[in-house]
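Open the model in your viewer and keep the selection tool at hand. The stops below say what to select next and what is there.

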There are 2 protein chains.
Amino acid sequence: MGSTPQVRRKVTLSDIAAACDVSRATVSLVLRGSPLVNKNTRARVEEELRRQGYVYNRSAANLRRRTSSSIALVLNDLANPFFAEFAAGVDEAVAAAGFVTLLGNTAESTDREQAVLGSLVEHGPGGIILSPAEGGDARKVLEAVGEHLPLLLFNRELGGDMPARAHWDTLVLDNQRGAQMAAEHLIALGHKRIAFFGGHRDSSSCRQRREGYRQAMHAAGLRVESHWMIESAPTRLDAARQAAALFAGKSAPTAAVCYNDAVALGLMLGLYQHGRRPGHDFALTGFDDIAEARVSMPPLTTLSTVPRERGRQAAALLLHRLHHPDTPPSHTVAPVKLVVRDSSCPPPAA
Amino acid sequence: MGSTPQVRRKVTLSDIAAACDVSRATVSLVLRGSPLVNKNTRARVEEELRRQGYVYNRSAANLRRRTSSSIALVLNDLANPFFAEFAAGVDEAVAAAGFVTLLGNTAESTDREQAVLGSLVEHGPGGIILSPAEGGDARKVLEAVGEHLPLLLFNRELGGDMPARAHWDTLVLDNQRGAQMAAEHLIALGHKRIAFFGGHRDSSSCRQRREGYRQAMHAAGLRVESHWMIESAPTRLDAARQAAALFAGKSAPTAAVCYNDAVALGLMLGLYQHGRRPGHDFALTGFDDIAEARVSMPPLTTLSTVPRERGRQAAALLLHRLHHPDTPPSHTVAPVKLVVRDSSCPPPAA
DNA sequence: TCCCCGGTTTGTAACGATCCAAATGTAACC
DNA sequence: GGTTACATTTGGATCGTTACAAACCGGGGA
């Protein structure tokens, strides 16, 4: 009745086999639910498994079967709510497929990215989902990952010059179209002088969003003043600091398309600090629709990317690749949706 | 010069040994940087390792050495910024120790917790860091984890009746002291009628925070009206919904100690919706110091828990346990720090 | 009686690494 | 020259599991 102490050594399949007086092969068949084993034997073995508190050693099985039961998830900034949601989505889908997630956070450092990839690959994941650190080099990533391990790139392109045949899949947001929609929305409200605020000049997502903004402005026959393009780190703090720059020159803008939500929230704070009231005398939009966008003051008009769903999608794409290693690389662009809230108001004088 | 194609099969230590005309054992020694091998042999082998693009198979090594190179991290809500930061801290320390992180998100479901633990344990982690789902049962957790796998419980106690000898370590925040500090701060500002707002009645952290609040009130000789204790889900949305309840009866409070930051931010929103201005005619405090607390309107007075540092600490505690399996369980209470910002103002009539 | 058959079971050799005791080669010593 | 000491190298056996081909077994048909 009492549980067997089993002080140190782990219980293995051999222990069970010995106790039931059957071969290891039979126990293995039971574990995998094979229809070959006799009903009685199965019952006897299963009872013994419970009794001894056996736990399956999947690494050993993977070694023998030359399979994998994990996928690696490498993120440039796990602490960012956008990626945290994304990770939750990945894990959800990965777990549902019977895999486990190996996590690695690079904190936006390409050195750590190299190290993390190297370390994770040694654990034999079936594939890798990577949101690259800024300024990474395609060649180095490929070197760490190898030519044959399925790789899904999320969110960013890889920098550096491309190797001859890039074998990876990609999943990116429709940055350009999204920023374009935001700008069109502000234009429709009557704004004429619209800034593009925040983000790093050379990040690929920022470039794409700027481009979308430009297209919308151009299509509406509106001019873009160079001092309406304001760079900042993609953080609230730096964004708040840069707010003043908007009103430095003459012909100050009445609205801004912000690089992302963090920047937009920072800008809001900066506006308040300069005595302006976002959503009343200045309109702005974000990008990402993080949880706080809904409850900021005022609630933020933004582009919803549904990061959790993107995580599920990324996992699905990678799992698909695991089963079809030889189909040509796929490149998915996930649509984004404009969510209108109170931060985008008409221009004051309109 | 060109890289060897190596179309399918992975390169193993045997391949290298064959190519260098040495034994597998020697290659193994090289890989582990043993001082036994001759300088020339080492160079020859290392060159070949590079040439063939060898990657170490850590699972195989772990099998043979009966070691582990991973730790499992199981969280009740990865999408919550608090836990995302925590996870980043864990991963940082875990990676620095040469381990990888196996991630599992339970989304606050005890069923998924069981499944996730079961699945992760099969991959042979060296230990587990678990932030339990609400309403979990100690017995079931122990059943999934086993009696001998190092386990560190973070943030919450386990429900259900305790097994005879609980072998796990714990790391919790000083919830009681924190809430007490918040209440004392409000009292010092001159508030007499202070509510405790939000959180689930029966969650252990909420109980502890309520207790801290009570102690402070009692120590100051202040009464606690029962309708000042308002329950809510620990989310912004539900908190905003419950805001009205504060002013339902007579003797409405002039301040509130909130269960956590999410609840506090929700309450702020609710206050605005009822025409009140938090930080001017109503004071409130949060708990956690999430990133947005600093930039809310007004910036939130709260208790800083430094979740990333807690993550590092959790990893350190678990790694310590790995090296000292037989020392008695440790129970760590992490201090919290009051961060005063603008949301805590004096009472209006004072 | 013998043979064949489906339903079960099993022995043995892997998977890719490490451990360990023993073997090798070389230089140094008496 | 023979012995010892030291530096290197190596052949298995092994970790816990699975694949595979072969063996077993009881019964039905010839």
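Start with Ser28(A): an N or O atom in its side chain is 2.2 Å from a phosphate oxygen of DNA strand D. Bear in mind throughout that this is a predicted model.

**Around DNA strand D**

Stay with DNA strand D and select Thr26(B), where a polar side-chain atom lies 2.8 Å from a phosphate oxygen of the strand. Then select Arg64(B). Here the partner of the side-chain N or O atom is a base oxygen of DNA strand D, at 2.8 Å. Now colour the elements that give two or more residues to the surface near this strand: they are α2 and α4 of chain A, together with α2 and α4 of chain B.

Next, show every residue around DNA strand D. There are 25 of them, and the closest are Ser28(A), Arg32(A), Tyr54(A), Arg64(A) and Thr41(B). Of the atoms of DNA strand D that come within 4 Å of the protein, sugar and phosphate account for 71%. Colouring the surrounding residues by class gives eleven nonpolar, seven polar and seven charged.

**Around DNA strand C**

Move to DNA strand C. Which of the residues around this strand come nearest? Out of 27, they are Leu13(B), Ser28(B), Arg32(B), Tyr54(B) and Arg64(B). Among the atoms of DNA strand C within 4 Å of the protein, 71% belong to sugar or phosphate, and the rest belong to bases.

Three residues are worth selecting one by one here.

- Tyr56(B) has a polar side-chain atom 2.7 Å from a phosphate oxygen of DNA strand C.
- Asn38(A) uses its backbone: an N or O atom there lies 3.0 Å from a phosphate oxygen of DNA strand C.
- Arg66(A) has a side-chain N or O atom 3.3 Å from a phosphate oxygen of DNA strand C.

Then select whole elements. Those that give two or more residues to the surface near DNA strand C are α2 (24–31) and α4 (58–65) of chain A, along with α2 (24–31) and α4 (58–65) of chain B. Of the elements, α4(B) gives the most, with five residues. By class, this surface has 13 nonpolar, seven polar and seven charged residues.

**Where chain A meets chain B**

Hide the DNA and display both protein chains. The contact between them takes 47 residues from chain A and 47 residues from chain B. About 4200 Å² is buried between the two chains, with 59% of it on carbon and sulfur atoms. On the chain B side, select Leu103(B), Glu122(B) and His123(B): these lose the most area to chain A, together 14% of what that side buries.

Keep Glu122(B) selected and add Arg58(A). The two form a salt bridge, with their closest N and O atoms 2.4 Å apart. How many salt bridges does the rule find across this interface? It finds two. As for polar contacts, the count between chain B and chain A is eight residue pairs.

To see which parts of chain B touch chain A, colour the elements that give two or more residues to that side: α4, α5 (81–96), β2 (100–105), α6 (110–121), α10 (236–242) and α11 (261–273) of chain B. That side of chain B has 22 nonpolar, eleven polar and 14 charged residues.

One of these elements, β2(B), also pairs across the chains. Select it with strand β2 (residues 100–105) of chain A: three bridges join the two, and they run antiparallel. Within this pair, Thr101(A) stands opposite Leu103(B).

**A sheet in chain B**

Now show chain B alone. Four of its strands form an open sheet in the order β7-β6-β8-β9, with parallel pairing. The edge strands are β7 (229–230) and β9, each of which pairs on one side only. Select β6 (residues 194–197) and β7(B), which are joined by two bridges. In β7(B), Met229(B) is the bridge partner of Phe196(B).

**Backbone details to finish**

Select Met297(A) and Pro298(A): a cis peptide bond joins them, with omega about -5 degrees. Pro298(A) lies in the loop between β9 (283–285) and β10 (302–304) of chain A. In chain B, Met297(B) and Pro298(B) are joined by a cis peptide bond with omega about -10 degrees. Pro298(B) lies in the loop between β9 (283–285) and β10 (302–304) of chain B.

The last stop is Val306(A), in the loop between β10 and α12 (307–323) of chain A. The phi angle of Val306(A) is near 50 degrees, a positive value in a residue other than glycine.

Terms used
Residues numbered from 1 in each chain as written. Chains lettered and ligands numbered in written order. Predicted model: local features only at pLDDT ≥ 70, side-chain atom pairs only at ≥ 80, totals over all residues. Heavy atoms only, no water. Near = heavy atom within 4 Å. Polar contact = N/O pair within 3.5 Å; in protein donor to acceptor, adjacent residues only side chain to side chain. Nonpolar A, V, L, I, M, F, W, Y, C, P; charged D, E, K, R; others polar. Contact = heavy atoms within 4.5 Å. Buried area = accessible area lost by both parts, 1.4 Å probe. Salt bridge = Lys/Arg side-chain N within 4 Å of Asp/Glu carboxyl O. Pairing = 2+ DSSP bridges.
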